[in-house]
Amino acid sequence: MDLLGYFEEWSVRPGDTVRMAVSTRKARYRAVLERLVTGPGAQGESTVGSVERADVLDRVLEGRWQETVVGSFADLPLPAAPAPLSGLSLHAWIWPTVPAGKSKQVVWSLADGALALVLDGGRFSIEAEGRTVAHCPAVVIARRWYSVALTVDGTRLTLDVAEAGGLVAETSATADGAVAALAAPERLLLAARSMDAIGAPVDPYNGKIERPVLYWRPLDADSIAALRRGEGPAADASWVAEQDFASTVLKSAGGFPDGRLVNGVERAVTGHGWDGHSDSFIETPGEYGALQFHEDDMVDAGWDYDLVFDLPGDLPSGVYAVRLEADESVEHWPLFVMGRRDETVDTLFLLPTNTYLAYANEQLAKLDFSTVMEHEQRPHADDIYLSQHPELGRSCYDTHTDGSVCRYSSRRRPIIQVRPGFPNWLTGSYRHFPVDLYAIEWLERRGEPYHVATDEDLEREGRALLDRYKVVITGSHPEYWTRHGRGILDGYLRDGGHLMYLGGNGFYWVTSRDPARPWLIEVRRDNSGTRCWDAPAGERGHVYSNEQGGIWKNRGLGPHGFVGIGFCAEGWSKGCGYRRRPESREGIGATLFAGIEDEIVGDYGYVLGGAVGDEIDRYDIALGSPPHAIHLASSTGVGREYIHVVEEQNVGLPDQGGDAQPELVRSDIVYFTIGKGAVFSVGSMTVAGAIAWNGFDNAMARLVDNALDHLRGR
């Protein structure tokens, strides 16, 4: 890709100043603001339908390439050492994930590498001024805890290594004359030898480090043994990692400056003393004092914002994009503009940006789903680009290069899939943001004013945002919700608000947002639900919200009781439509289906060929769906490729696909009241592609038109 970009703030209001970071190797590029007004069209078209707003932005700028800091580390200032310094000791617990990596990994270093603990070829060694001076012969085993102690006594250096479980015998290495006159180091770096010119860690480390302690004197063997038992002497430098788990500050345990955790160091991870009695860092904080590092961590690209422009105070709310172009290269980077505070409209489209972030730059196209597809599995060129550029970061569906799970995702980086018209390998057409643009086109064609906002806007502004609107419409996949956001929407509905849930697998995963860095979300999956990885043992707790991760259903807050239906199956072969039930011909059903004579609606569409497809939701009173809900329609039948979700299966058995158990693997349309409000739900991720079919002249489009008209006037 030739033109990469992202915004300081993804969502802004009219009158705000927009700051955009751009990185390109092109000498010059043009930037133009556009309003996006259409969906992506049919499969293979990848249409970008827009209205140019060159009156707001049309500028030519000098291009430059901006580097990204990749890899996490800790920078820990040290207290002043006595002079002259005749020796020192440093002890820490080490849990490496790939001890025999392709290159050296520096676990810690003093004085920017003057003295460093290194993993080299699967063994611990000490380097002084870049030269190996001590080497322990024992091979380090991945994902086991090791007590590692360095002692410097004059020019004599000793390295002691002991495996925490006692399965590997204690080893040591001693070197005389290994160091010359010892200069007092001013800082301790964890997971790095030093920082390079842009601030990235040199020789980064993959794994955990717990309880580093430093002494301005050499320790004897008995003191080191006591440290392993947690009974060592008071240190000259130590840090408190068993509290303030969401902070990027590592507090010192003395009168010297605090340390800083850089670029996504993970906290609330189990330490060497975790015994499995509790899996809560709140209950047993002392067992969660470890820090985890990855060579590919990246939570903020950190680019300069070269493009700055002001939005007019009367700019209509909507989905916009800055079009970047240079030579033959053209890219669109979306910007969400909320409504003016003094403007009143009926309808709010809530963009599921938490979901966009959870999937941001996912690298799952390498998986083979061909047996459950009717289309050819063909990754886009940009999917391949992602796999070759770790500086763009990963999604909460990926794992790090060391196999550890990815728990965090940031919007302060280019997000490749969140662009208009971006084709999706899984559906063979579109998914997520491009599908949501079909709904935007539907609202545009209605010719009535509407506003847009994001999940982050909702969580920041709360009821003050929602109470301005009669109807809130979701995107196609509002899967990731915080407790705070869910509570706001629930209160809005009970006090008379209205919701159109036009998606599938919504309100599913527990999600948290960093209150200090709202561009960053946290997802710690439980070992349940339909998932791409399991949470490591003992590490389900979210640091940003102090609650257990997993699916909301397991917290007693499943989607069935909230929007009437809940996730029941997924598949990526041919979609289908909905067959009307008798309830659709009387009462509110007759109102919603007014002007529709079709017995089956939505057996067409631009995504998988039907309104029912991808991930789908079912009405089920036993799972919390309201008994008074009006069950209007059910899918006509998905094939065997659609798989029943794992959370509803106690035992894996043959023939659990959609053809074998259609009563469980189906999508439903429901309407119900909740408090003073009402909800209209269509449980499928592909419904917007059906609404757009035939230029929006179809029964599914009429159904959602009727639903919006009814809810606005209710």
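Across this predicted model, 26 aromatic pairs are found. A pair of aromatic rings is described by the distance of the centres and the angle of the planes, and two of the pairs are taken up here in those terms.

In the pair formed by Y6 and W303, the ring centres lie 5.3 Å apart and the planes stand at 45 degrees, so the arrangement is tilted. This pair connects distant parts of the chain, since Y6 belongs to strand 1 (residues 3-7) while W303 sits in the loop between strand 22 (290-293) and strand 23 (307-310), with the two positions 297 residues apart. Both Y6 and W303 are buried.

The rings of Y604 and W693 have their centres 6.4 Å apart and their planes at 20 degrees, and because planes under 30 degrees apart count as stacked, the pair is a stacked one. Here too distant parts of the chain are linked: Y604 lies in the loop between strand 36 (600-601) and strand 37 (612-618), and W693 lies in helix 11 (residues 693-696), 89 residues apart. As for accessibility, Y604 counts as buried at 14% relative accessibility, whereas W693, at 34%, counts as partly exposed. Y604 and W693 also belong to a cluster that ring pairs build from Y430, Y438, Y604, Y606 and W693.

**Helix packing**

Helix 4 (residues 433-446) and helix 12 (residues 699-713) pack with their axes 12 Å apart and at an angle of about 65 degrees, which means that helix 4 is roughly perpendicular to helix 12. The crossing of helix 4 past helix 12 is right-handed. On the side of helix 4, the contact is made by W442, L443 and R446, and these meet A701, V704, D705, L708, D709 and R712 of helix 12. Sorted by class, the residues in this contact comprise 5 nonpolar and 4 charged ones, with no polar residue.

**Backbone geometry**

Some backbone features deserve a separate note. A83 and P84 are joined by a cis peptide bond, for which omega is about -5 degrees, and P84 is located in the loop between strand 7 (73-77) and strand 8 (87-96). Positive phi values occur at E129, with about 55 degrees although this residue is not a glycine, and at L608, with about 60 degrees although L608 is not a glycine either. Where do these two residues stand with respect to the surface, buried or exposed? E129, in the loop between strand 11 (123-128) and strand 12 (131-135), counts as exposed at 66% relative accessibility, while L608, in the loop between strand 36 and strand 37, counts as buried at 12%. The loop that holds L608 is also the one in which Y604 of the stacked pair is placed.

**Individual positions and their surroundings**

V107 is part of strand 9 (residues 105-110) and is buried, with a relative accessible area of 0%. Apart from residues up to four places away in sequence, V107 touches I94, L117, L119, F124, L189, L190, A191, Y205 and I209.

The loop between strand 33 (520-522) and helix 8 (560-563) contains T530, and P536 is found in the loop between strand 33 and helix 8 as well. T530 touches Y508, W509, F567, E570, V645, V646 and E647, once residues up to four places away in sequence are set aside. P536 is partly exposed, with a relative accessible area of 28%, and, leaving aside neighbours within four places in sequence, P536 is in contact with V405 and R407.

For V107, T530 and P536, the table sets a separation along the chain beside a separation in space.

| C-alpha pair | Separation along the chain | C-alpha separation |
|---|---|---|
| V107 and L189 | 82 residues | 8.4 Å |
| T530 and E648 | 118 residues | 9.9 Å |
| P536 and P233 | 303 residues | 32 Å |

The partner listed for V107, L189, is also among the residues that V107 touches. For T530, the contacts include V645, V646 and E647, and the C-alpha atom of E648 is 9.9 Å from that of T530. For P536, the C-alpha separation from P233 is 32 Å, and the residues in contact with P536, beyond neighbours within four places in sequence, are V405 and R407.

How values were computed:
Residues are numbered from 1 along each chain as its sequence is written. This is a predicted model: local features need pLDDT of at least 70, side-chain atom pairs count only at pLDDT 80 or more; totals for chains, interfaces and linings use all residues. Side-chain values use heavy atoms; hydrogens and water are left out. Axes are lines fitted to C-alpha atoms, for helices over the stretch in contact, and angles run from 0 to 180 degrees between N-to-C directions. Helices (H or I, at least four residues) and strands (E, at least two) are DSSP runs, numbered from the N terminus. Angles under 35 degrees count as roughly parallel, over 145 as roughly antiparallel, 65 to 115 as roughly perpendicular and the rest as oblique. A crossing is left-handed if the near helix is turned anticlockwise from the far one by less than a right angle, and right-handed if clockwise. Contact means heavy atoms within 4.5 Å. Ala, Val, Leu, Ile, Met, Phe, Trp, Tyr, Cys and Pro count as nonpolar, Asp, Glu, Lys and Arg as charged, and the others, Gly among them, as polar. Rings of Phe, Tyr and Trp (its six-membered ring) pair if their centres lie within 6.5 Å; planes under 30 degrees apart count as stacked, over 60 as edge-to-face and the rest as tilted. Buried means under 20% relative accessible area, exposed over 50%, partly exposed in between (1.4 Å probe, protein chains only).
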